[in-house]
Amino acid sequence: MIEYRTLKIALLGAGTVGQQVAKLLLERTDELAGRIGAGLELAGIAVRDPDKPREVELPRELFTTDAAQLIHGSDIVIELMGGIEPARTLILEALNSGADVITGNKALLATHGAELFDAAEQVGAQLYYEAAVGGAIPIIRPLRESLAGDRVTRILGIVNGTTNFMLDRMDTLGEGFTEALATATELGYAEADPTADVGGWDAAAKAALLASLAFHTNVPLDAVYREGIEDLTREQVDRAHAMGYVVKLLAICERIPAPDGGEGVSARVYPALIPRTHPLAAVHGVFNAVFVEAEAAGGLMFYGAGAGGVQTASAVLGDVVSAARRHVAGGPGVAESTHANLPVLPISAAITRYHVTLHVTDQPGVLAEIARIFAENGTSIETMQQSTTSDGGDGPTATLVIGTHAAPEASLAATVAALRRSRVVKSIAHVLRIEGA
Ligand code: NAP
Ligand code: HSE
């Protein structure tokens with residue numbers, strides 16, 4: 001029988017994900033030891049209430065409320081408490097004690113990542129976070145390792161399962177926003193306070209992590225442009241459907257031209273139209289997917305369960321094996337690469353396409369006036385459809401559906417602002433961006 005050294009693991013949190021991690025660590029002790037070349041001992045689990053009933057039966061003697069004490073003397077610390085504090089302080093304590101840390105806490109990494117990665121680098125420890133984006137989907141390690149020799153140009157991600165579930169119901173079942181949110185809440189996908197999901201905050205935190213990793217640049221959460229799906233109507237989704245598009249909440253990370261002629265990074269989250277032929281259009285329900293475009297590799301799609309206790313535990317366990325193997329091999333951890341240090345550009349610098357639906361006065365010269373507004377603001381029209389709608393009491397009205405060529409967001413925004421001011425425009429029904437076309 002092989003004698004392994006034993007690595008101590010401290011688990012902080014035994015909620016949806018933490019208790020599944022504990023279960024797998026206890027069930028797979030021998031199998032994991034064989035893969036790692038070292039034994040793993042779950043030294044303890046820090047929670048708020050050790051006596052709280054849990055879905056998974058775990059030995060009572062493992063539970064403690066003293067997270068700081070548990071960290072002391074551990075080789076690997078797994079943080080699955082969520083939130084900013086005390087998670088941040090505990091992770092810093094763990095890293096400073098030389099432990100490797102594993103976390104699924106995208107909100108913390110997107111706001112305090114630089115501080116935490118610096119702390120890890122100072123002591124030669126490593127911070128792993130595969131579970132922070134896309135739940136079970138391997139996307140952090142592929143970006144960090146498999147694609148490290150390539151040049152990622154763009155990432156389009158469906159990284160929030162709750163909103164994807166809602167948009168899918170709106171698209172396939174004709175539900176409205178309120179009805180779709182009620183279903184998501186009833187099925188336990190949406191939180192009691194759904195702001196982080198429907199407001200795009202959760203997706204923005206994930207975009208910050210993906211952009212930082214893909215472009216070797218620190219991209220904090222407040223540099224990510226964000227719009228949620230709260231104002232999206234069933235009519236917009238129906239219209240998109242009829243035009244051959246589907247609406248998805250996308251996390252978009254791109255290399256784009258910077259004003260100095262060099263390169264910059266754009267990171268943004270908003271509901272956008274994608275062609276029904278795009279691989280991301282086939283991502284239904286609560287599933288997540290990340291579509292990565294790299295110069296040599298071309299397009300790559302990473303797809304799977306974006307959340308869920310046991311699914312996310314799979315990603316955490318992968319990090320545990322990596323951290324444990326690193327302890328066995330010795331040597332310092334691999335620091336987070338931010339060497340490119342590209343400027344993170346505002347939304348006005350993004351290059352995108354618009355899909356605008358407007359109601360206009362139906363009389364001679366109106367199309368010419370609309371075309372003039374687009375031209376004057378540097379936006380080229382790609383497609384235009386006109387249908388005559390009934391006179392609602394304020395004279396004959398036509399509906400125009402206009403698709404634009406790619407243009408800087410600043411030009412598109414100026415075009416829409418000028419349309420709003422125009423005397424021939426009665427109302428702007430919808431403005432959505434087009435991506436992935
Ligand atoms: P959760 O169900 O809310 O569980 C949180 C756990 O942390 C609970 O066991 C809680 O203790 C403990 N905890 C919270 N604050 C604490 C404190 N101050 N001191 C000690 N213990 C504390 O969370 P979760 O859904 O498992 O998520 C954990 C992390 O994984 C989050 O960062 C989340 O964003 C991330 N994540 C979750 C999913 C998912 O599908 N749920 C997917 C990907 C990533 P008690 O049990 O005693 O209350
Ligand atoms: N609330 C997230 C979602 C899961 O709906 O995808 C964890 O990131």
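User: Let's start with Ala 214: buried or exposed?

Analyst: Buried. This is a predicted model, and in it Ala 214 has 4% relative accessibility; buried means under 20%, so Ala 214 qualifies.

User: Which helix is Ala 214 in?

Analyst: Helix 10, which spans 201-215.

User: And what does Ala 214 touch, leaving out residues up to four places away in sequence?

Analyst: Ala 214 is in contact with Leu 143, Val 152, Ile 155 and Arg 255. Take Val 152: 62 residues separate it from Ala 214 in sequence, yet the two C-alpha atoms are 6.1 Å apart in space.

User: OK, back to helix 10. Which ligand has helix 10 in its shell?

Analyst: Ligand 2. Helix 10 gives at least two residues to that shell, and helix 7 (161-172) also gives at least two.

User: Which residues surround ligand 2?

Analyst: You'll find Lys 106, Asn 160, Gly 161, Thr 162, Asp 197, Asp 202, Lys 206 and Ala 307 around ligand 2. Sorted by class, that's four charged residues, three polar and one nonpolar.

User: What polar contacts does ligand 2 have, say with Asn 160, Thr 162 and Asp 197?

Analyst: For Thr 162, a side-chain N or O atom is 2.5 Å from an oxygen of ligand 2. Asn 160 has a polar side-chain atom 3.4 Å from an oxygen of the ligand. With Asp 197 the ligand partner is a nitrogen atom, 3.0 Å from a polar side-chain atom.

User: How much of ligand 2 does the protein bury?

Analyst: 80% of the 260 Å² that ligand 2 exposes when taken alone.

User: Switching to ligand 1. Which residues come nearest?

Analyst: Ala 14, Asp 49, Lys 52, Arg 54 and Gly 308, out of 22 residues around ligand 1. The shell of ligand 1 splits into nine nonpolar, eight polar and five charged residues.

User: Where do the oxygen atoms of ligand 1 meet Arg 54, Gly 308 and Gly 15: side chain or backbone?

Analyst: Arg 54 uses its side chain, with an N or O atom 2.7 Å from an oxygen of ligand 1. Gly 308 offers a polar backbone atom at 2.8 Å from a ligand oxygen. Gly 15 also comes in through a polar backbone atom, at 3.1 Å.

User: And what share of ligand 1 gets buried?

Analyst: The protein buries 78% of the 910 Å² that ligand 1 exposes taken alone.

User: Different spot now. What's going on at Ser 266?

Analyst: Ser 266 is in strand 10, residues 263-275. Its relative accessible area is 1%, so Ser 266 is buried too. The Ser 266 side chain makes a polar contact with the Arg 268 side chain, at 2.8 Å.

User: What else does Ser 266 touch, again skipping residues up to four places away in sequence?

Analyst: Ile 252, Cys 253, Glu 254, Ile 256 and Ala 350.

User: Zooming out, what does the whole protein look like?

Analyst: There are 14 helices and 17 strands. The C-alpha atoms fill a box of roughly 90 × 50 × 35 Å along the principal axes. Of the 437 residues, 53% count as buried.

User: How does the radius of gyration sit against a compact globule?

Analyst: They agree: the protein has 25 Å, and a compact globule of 437 residues would be near 22 Å.

User: How about contacts between residues at least 6 apart in sequence: what share join residues at least 24 apart?

Analyst: 73% of them.

User: And the accessible surface? What part of it is carbon and sulfur?

Analyst: About 18,600 Å² for the protein, with 51% belonging to carbon and sulfur atoms.

Technical notes
Residues numbered from 1 in each chain as written. Chains lettered and ligands numbered in written order. Predicted model: local features only at pLDDT ≥ 70, side-chain atom pairs only at ≥ 80, totals over all residues. Heavy atoms only, no water. Near = heavy atom within 4 Å. Polar contact = N/O pair within 3.5 Å; in protein donor to acceptor, adjacent residues only side chain to side chain. Areas by Shrake-Rupley, 256 points an atom, 1.4 Å probe, with all protein chains shown as cover. Nonpolar A, V, L, I, M, F, W, Y, C, P; charged D, E, K, R; others polar. Helix = DSSP H or I, 4+ residues; strand = E, 2+ residues; numbered from the N terminus. Rg over C-alpha atoms; globule rule 2.2 N^0.38 Å. Buried < 20%, exposed > 50% of the residue type's maximum accessible area, 1.4 Å probe, protein only. Contact = heavy atoms within 4.5 Å.
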